[in-house]
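Reader: I'm new to this and would like to learn how to read a protein structure. Could we go through one together?

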Amino acid sequence: MEFGYYPGCALHGSSNDYEKSVRACLAALGARLRELDDWICCGATAAHVINQTLAVALPARNLGVAERDGLASVLAPCPMCSMELLKAGRMMADDATLRQTISDIVEIPVEGKTEVLNLIQVLQRIGLDTIKEAVTKPLEGVSAACYYGCLLTRPPATVRFDDCEHPSSMETILEALGAKTVAWNYKTECCGAGMTMAGEETVLDLSNKILANAAAHGANCLVVACPMCHVNLDMKQADIARRYGHAHNMVVYYLSDLVGLALGLSKRDLAIDKHFVVK
Amino acid sequence: MEPLATQIDALAHTHVRECYQCGKCTAGCPVAERMANPPNQIIRWVQIGQVGRALRGDSIWECVSCQTCSTRCPKSVNCAGVIDALRQLAVERAADAPARRRVVLFQKAFLHNIRRNGRLSELDLVRQFKTAVFFKDLSIPFLLKDALLGPRMFQRGKLHLTGQKVRDRELVDRIFARCLQSTPQAPAELSPEEHP
């Protein structure tokens, strides 16, 4: 099985642990990734705050390249990237005038027919049965709080994935691998996303509530599928402890980490040793 | 409808007039308690032609774009999109709100970085952002705040001294130039009673 691949800036930057984990996990499942040629930033948190045309054009350029190169399905493991790509794709598909304007701006025809997938969807495509067959080390002792954050399921009309208030797709995968998952309240609450630098107080406040709620419901780890969630909940845990006087000491895994561990990959293979909170 | 509200509707692909003030947006907003004027009030201001109050206030800069308001709106008003549209107008008009300063500087540094390289160079972004904030605020604690994080990230192979660049950087620059130019010119003016 082959997927187009849009890593996005975070995975080629400080979230390179996520990229290593995704690549190792998917390779172990026999999936191949074909990276989009000369991809550009999707505009992330900045473009839509400053200029709405730019916020469509940047992701649209990448969709145009995917169409030109015959990539029907593209994995974008960062939900910010995948949401921006999906939003641009839907706008291109629905609005002929905008399609022409944007295609001219980005110097490539964009029809918006590329299927953009998040990491969970790629694992679903590979199939739960295939994943289960490949398990060598069931996830015993794992009690996971699956955290979806904002953009995996929102806005629902754009991403059309899972239930936007009560998602359960990560739970389904992890339970099939032998893990326990907990019912908790903050699955889809925001961690502050890209405000890590510009609005740190907000991030620490929101992330503290998420970590506390997961612990209160018996979780011994958090599971995310987003580089920004990981930064805020893992890297910022020391700052949260300093600010609120309570160290959560909660391990935060990427979904691909736990799937990879169940497949017999090592913590080093999955770059789990690069996380800030390690047990 | 007054011109500014029409412009906001167009930017956000929505119909602000649909809002009947149920308050669900504010009830679900994770940062409403930090806002002097929560999402439903901002929407109301747009409806009644008081856009200037939203532009000058701090509240639109607290929004973390989590999309909960737009998702839960029973009238499908794209509230998060309206806030983005207001932020764009505020930046274009250089409307002043003290609390927005850092967020705007950050987003501008971010875009400047992408325009130059095609991809984000995080170290470059941090340097630009911190320098810009320093020259505005002269805050040395902020300048040094994450100094200890740098080495810990470097240790984990998470800091790259040179960021990635795309091959066709001129294309990226052309895309930026066209987008920033295609913004509706001569934005509608604030009504006289709205000026402070």
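Reader: Is A:Ile108 buried or partly exposed, going by its C-beta neighbours inside 10 Å?

Author: One thing to keep in mind as we go: this is a predicted model. As for the idea, you count how many C-beta atoms crowd around a residue; 20 or more within 10 Å makes it buried, and 12 or fewer makes it exposed. A:Ile108 has 17 such neighbours, so it counts as partly exposed.

Reader: Where is A:Ile108 found, and which residues does it touch?

Author: Look in the loop between α6 (96-106) and β4 of chain A. Leaving aside residues up to four places away in sequence, A:Ile108 touches A:Arg61, A:Gly64, A:Val65, A:Arg68 and A:Ser103. You can also compare sequence and space: A:Ile108 and A:Tyr6 are 102 residues apart in sequence, with 18 Å from C-alpha to C-alpha.

Reader: Let me try another loop residue. How many C-beta neighbours does A:Asp37 have inside 10 Å?

Author: The count for A:Asp37 is 14, so this residue is partly exposed. You'll find A:Asp37 in the loop between β2 and α3 of chain A. A:Asp37 touches A:Val65 and A:Asp69, again not counting residues up to four places away in sequence. A:Asp37 and A:Gly4 are 33 residues apart along the chain, and their C-alpha atoms are separated by 9.9 Å.

Reader: Now for sheets. What is the order of the strands in the open sheet that has β1 in it?

Author: With a sheet, read the strand order, then the directions, then the edges. Here the order is β2-β1-β3-β4 in chain A, and the pairing is parallel. At the edges stand β2 (32-35) and β4 (115-117) of chain A; each has a single partner strand, so one side of each has no neighbour in the sheet. Neighbouring strands of this sheet are turned by 40° against each other on average, ignoring direction.

Reader: And how many bridges join β1 to β3 in chain A?

Author: Two bridges link strand β1 (residues 2-5) of chain A with strand β3 (residues 73-75) of chain A, and these strands run parallel. To see the pairing up close, find A:Gly4, which stands opposite A:Val74 in β3(A).

Reader: Which strands stand at the edges of the sheet ordered β6-β5-β7-β8 in chain A?

Author: That one is also an open sheet of four strands with parallel pairing. Its edges are β6 (180-181) and β8 (251-254) of chain A, each with a single partner strand, so one side of each is left without a neighbour in the sheet. Helix α10 (residues 169-176) of chain A packs on this sheet and touches β5, β6 and β7 (221-224) of chain A; the helix direction makes about 160° with that of β5(A). Strand β5 (residues 143-146) of chain A is joined to β6(A) by two bridges, and A:Ala144 has A:Thr181 as its bridge partner in β6(A).

Reader: Which domains does the assignment give for chain A?

Author: The domain assignment gives domain 1 (2-119) and domain 2 (137-274). Their C-alpha centres lie 23 Å apart. Next, see who touches whom: 22 residues of domain 1 of chain A are in contact with 24 residues of domain 2 of chain A. On the domain 1 side, α2(A) gives the largest share, eight residues. By class, that side divides into 14 nonpolar, four polar and four charged residues.

Reader: What about the two chains? How many residues of chain B are in contact with chain A?

Author: It's the same kind of reading. 47 residues of chain B contact 40 residues of chain A. On the chain B side, α11(B) supplies the largest share, eight residues. That side is made up of 23 nonpolar, 13 polar and eleven charged residues.

Reader: Last one: at what angle do α3 and α6 of chain B pack?

Author: For a helix pair, check angle, distance, handedness and contacts. Helix α3 (residues 39-47) and helix α6 (residues 79-93) of chain B pack at about 65°, with axes 10 Å apart. Their crossing is left-handed. The contact is made by B:Pro39, B:Ile42, B:Ile43 and B:Val46 of α3(B), together with B:Cys79, B:Val82 and B:Ile83 of α6(B). By class, that is seven nonpolar, no polar and no charged residues.

Notes:
Residues are numbered from 1 along each chain as its sequence is written. Chains are lettered from A and ligands numbered from 1 in the order in which they are written. This is a predicted model: local features need pLDDT of at least 70, side-chain atom pairs count only at pLDDT 80 or more; totals for chains, interfaces and linings use all residues. Axes are lines fitted to C-alpha atoms, for helices over the stretch in contact, and angles run from 0 to 180 degrees between N-to-C directions. A crossing is left-handed if the near helix is turned anticlockwise from the far one by less than a right angle, and right-handed if clockwise. Two residues are in contact if their C-beta atoms, placed from the backbone, lie within 7 Å. Ala, Val, Leu, Ile, Met, Phe, Trp, Tyr, Cys and Pro count as nonpolar, Asp, Glu, Lys and Arg as charged, and the others, Gly among them, as polar. Two strands pair if DSSP finds at least two bridges between them. Domain bounds come from an automatic or database domain assignment.
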